[in-house]
Each structure stands twice: as C-alpha cells, then as structure tokens.
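Work through the exercises below with the sequence and coordinates open. Each task is followed by a solution in steps.

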Amino acid sequence: MSVSPIFIGIAGASASGKSLLAGTIYEELRNTIGGHSIAIIKEDSYYQEQSDLTFEERTAINYDHPNAFDHDLLIDHIDQLHQGREVDIPIYDYTVHNRSEEKRPLSPVPVIIIEGILILHDKAIRKRLDAKVFMDTPLDVCLLRRLRRDISERGRTVDSVIEQYKRTVRPMFLEFIEPTKQFADIIVPRGGKNRVAIEMIKARILQMLAN
Ligand SMILES: Nc1ncnc2c1ncn2[C@@H]1O[C@H](COP(=O)(O)OP(=O)(O)O)[C@@H](O)[C@H]1O
Ligand SMILES: O=c1ccn([C@@H]2O[C@H](COP(=O)(O)O)[C@@H](O)[C@H]2O)c(=O)[nH]1
C-alpha cells in the first residue's frame, strides 16, 4: 500500500532556526516512528536552475525574492509524493549559487517537513500543508547567526554577508516573509531550541499519524 505523507511547513527569516528545528524534530521523531518514516525537504533545493548565467551574474541575483524559486516544481513534487510516487529532489550548492549535477531521490514517507524562507508565501503550497509553523526570531539575532554560518559553511565574507543583508535579505523579509506569519498555525519565538515548541509540534505530528 502506498503512503500519503503528512506535510509540515516551517517558514521564517534566513538563519531564524528553521533547519535546526526541522532537524531536531526529525532526529527525535526517528526514535519514535523510525528512520524511514520522516524526511526533510528544503525549499532552497528549488532555487531556479541558472547554469546559463556566469558566477558574477548569479552572485547579483536576489535570492530572497519569491521569483528566485521554482515553486511549481516543488508543488509538483508534493503532489507526486501525495500520490505515493518517488521524486528526484535537486541539490543546491550555495557556494556557487546553483544546482549541482546530482539529485536526491525521495520516496513517500509518513511525515515530510518542508522548510524555507518563503514556504508560506504561495497559496498553492499553503493549502498542501497539514500544519504551518513560523519562526519568529528577532532579525538582529538572525543576522549574527547568518554571519557566522555563511562564513563557515557557505563560502562568504563578512562584507558580502553585510552587503547582501542590506540589499535583499532584510528588505525582502519585511516585504514577503514576515507577512506570511499570519498564515501560521504555530509561531515559534526565539528559534530552533525552543523546547516547548518542539514538544508541541512533535505531539501534533504523532496525533495526526494516529488519526
Ligand atoms: N536557538 C539557537 N541558539 C544558538 N544557535 C542557533 C539557534 N538556532 C539556530 N542556531 C544556529 O544559527 C544558524 C542558523 O540556523 P539555521 O537553523 O540554519 O537557520 P535557517 O534554517 O532558518 O536559515 C545555524 O548555525 C544554527 O546552528
Ligand atoms: O545562491 C544562493 C541562494 C540562497 N542564498 C541565501 O540563502 C537564504 C535562504 O537560506 P536559509 O537557509 O533560510 O538561510 C536566503 O536569505 C538567500 O539570501 C544565497 O545567499 N545564495
């Protein structure tokens, strides 16, 4: 019998703790429901393919605007998984601002967490989510965390993180990301280590699985 997954969406500013929250729920639920029962999809995997542009051109792109994403492909993958079909998820390489050659096959599993800055922006995605979470971490905290993460993990410099923050990250957060908080079922203050929020989301997932 094929599985029709439950989809949980986690949105919020860059470096607000979406990945940490998703990863924590994943690790802790694996122990309860099994490793083959839960998976994470990153919205970042669906940044537009742009091999036709030079590295300099790709560096100048606004990666915080909804148009930077191929949400149609993400919606198609959610629907395929819903119908019990395996999908090939693109793998994104931040250091070169492009999709890599490889893809990650994902079979339908009972619980799929989808996390990304604009995951609550499109109505078509929202209506496919069974629970919607928004990380409400203060922007100055996000900037400090992003600075450290992007330098150590995404090949950035202090100057490039600050320049991009002023040019796109902050303005697009205010224009497109923060307004999606209204669509959330659960708003998580402070970030990915909020223990009460983690327990509540896990309990809700287990309840949905039982029904
Ligand atoms: N509550 C927290 N306390 C300390 N560091 C955190 C906390 N939440 C996230 N981080 C760190 O901040 C960085 C950004 O978090 P991440 O989960 O990658 O954010 P997002 O997925 O929203 O971009 C990571 O290095 C992560 O380990
Ligand atoms: O090529 C790229 C693609 C994305 N970004 C930045 O990444 C964040 C979204 O990822 P988080 O894990 O939520 O931080 C977004 O703010 C983009 O600015 C990039 O710099 N380069």
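The model used in these exercises is predicted.

**Exercise 1. Place Leu 29 in the fold and decide whether it is buried or exposed.**

Solution. Step 1: locate the residue; Leu 29 sits in helix H1. Step 2: count neighbours. There are 21 other C-beta atoms within 10 Å of Leu 29. Step 3: apply the cut-off. A residue is buried if 20 or more other C-beta atoms lie within 10 Å of its own. Leu 29 is therefore buried. Step 4: list the contacts beyond four places in sequence, which are Ile 38, Val 111, Lys 202 and Ile 205. Step 5: check a pair that is remote along the chain. Leu 29 and Leu 206 are 177 residues apart in sequence, and their C-alpha atoms are separated by 8.7 Å.

**Exercise 2. Repeat the analysis for Leu 147 in helix H5.**

Solution. Step 1: count neighbours. Leu 147 has 16 other C-beta atoms within 10 Å. Step 2: classify. Exposed residues have 12 or fewer such neighbours and buried ones 20 or more, so Leu 147 is partly exposed. Step 3: list contacts. Leaving aside neighbours within four places in sequence, Leu 147 is in contact with Val 158 and Val 161. Step 4: take one distance. The C-alpha atoms of Leu 147 and Thr 157 are 8.3 Å apart, with these positions 10 residues apart along the chain as the separation.

**Exercise 3. Describe the overall fold and test its dimensions against a compact globule.**

Solution. Step 1: count the elements; the protein has seven helices and seven strands. Step 2: put them in sequence order, which gives β-α-β-α-α-β-β-β-α-β-α-α-β-α. Step 3: compare radii of gyration. A compact globule of 211 residues would have a value near 17 Å, and the protein has 17 Å, so the two agree. Step 4: take the extents. The C-alpha trace spans about 50 × 35 × 30 Å along the principal axes. Step 5: look at burial and contact range. Buried residues make up 30% of the 211 residues. Of the contacts between residues at least 6 apart in sequence, 77% join residues at least 24 apart.

**Exercise 4. Which residues touch the most other members of the largest nonpolar core?**

Solution. Step 1: the core holds 41 residues, and Ile 10 and Ile 113 touch the most other members. Step 2: assign the core to elements. Those that each supply at least two residues include strands S1, S2, S5 and S6 and helices H1, H3, H6 and H7. Step 3: find the main contributor, which is H6 with five residues, the largest share of this core. Step 4: expand one hub. Beyond four places in sequence, Ile 10 touches Lys 18, Leu 21, Ala 22, Ile 113, Glu 115, Ile 119, Val 133 and Met 135.

**Exercise 5. Characterise the surroundings of ligand 1 and ligand 2.**

Solution. Step 1: ligand 1 is surrounded by 13 residues, the closest being Gly 17, Lys 18, Ser 19, Leu 20 and Arg 145. Step 2: sort this shell into two nonpolar, seven polar and four charged residues. Step 3: trace its origin. H1 and H5 each supply at least two residues, and H1 gives the most, with three. Step 4: turn to ligand 2. Its shell includes Ser 14, Ala 15, Lys 18, Asp 44, Tyr 94 and His 97. Step 5: sort the ligand 2 shell into six nonpolar, two polar and three charged residues.

**Exercise 6. Compare the annotated binding site with the model, using Ala 15 and Lys 18.**

Solution. Step 1: read the record. An unreviewed UniProt entry places a "binding site" at Gly 12, Ala 13, Ser 14, Ala 15, Ser 16, Gly 17, Lys 18 and Ser 19. Step 2: examine Ala 15, in the loop between strand S1 and helix H1. Ala 15 counts as buried because it has 25 C-beta neighbours inside 10 Å. Its contacts beyond four places in sequence are Cys 142, Arg 145, Arg 146 and Arg 149. Step 3: examine Lys 18, which lies in helix H1. With 29 other C-beta atoms within 10 Å, Lys 18 is buried. Lys 18 touches Ile 10, Gly 12, Glu 115 and Met 135, leaving out residues up to four places away in sequence.

**Exercise 7. What is the sign of phi at Ala 15 and at His 97?**

Solution. Step 1: phi of Ala 15 is near 65°, a positive value in a residue other than glycine. Step 2: phi of His 97 is near 55°, again positive in a non-glycine residue. Step 3: place His 97, which is found in the loop between strands S3 and S4. Step 4: classify His 97 as partly exposed, since 19 other C-beta atoms lie within 10 Å.

Technical notes
Residues numbered from 1 in each chain as written. Chains lettered and ligands numbered in written order. Predicted model: local features only at pLDDT ≥ 70, side-chain atom pairs only at ≥ 80, totals over all residues. Helix = DSSP H or I, 4+ residues; strand = E, 2+ residues; numbered from the N terminus. Rg over C-alpha atoms; globule rule 2.2 N^0.38 Å. Contact = placed C-beta atoms within 7 Å. UniProt positions renumbered as here; feature names shortened; annotations may be inferred. Near = placed C-beta within 6 Å. Nonpolar A, V, L, I, M, F, W, Y, C, P; charged D, E, K, R; others polar. Core = buried A, V, L, I, M, F, W, Y, C linked by C-beta atoms within 7 Å.
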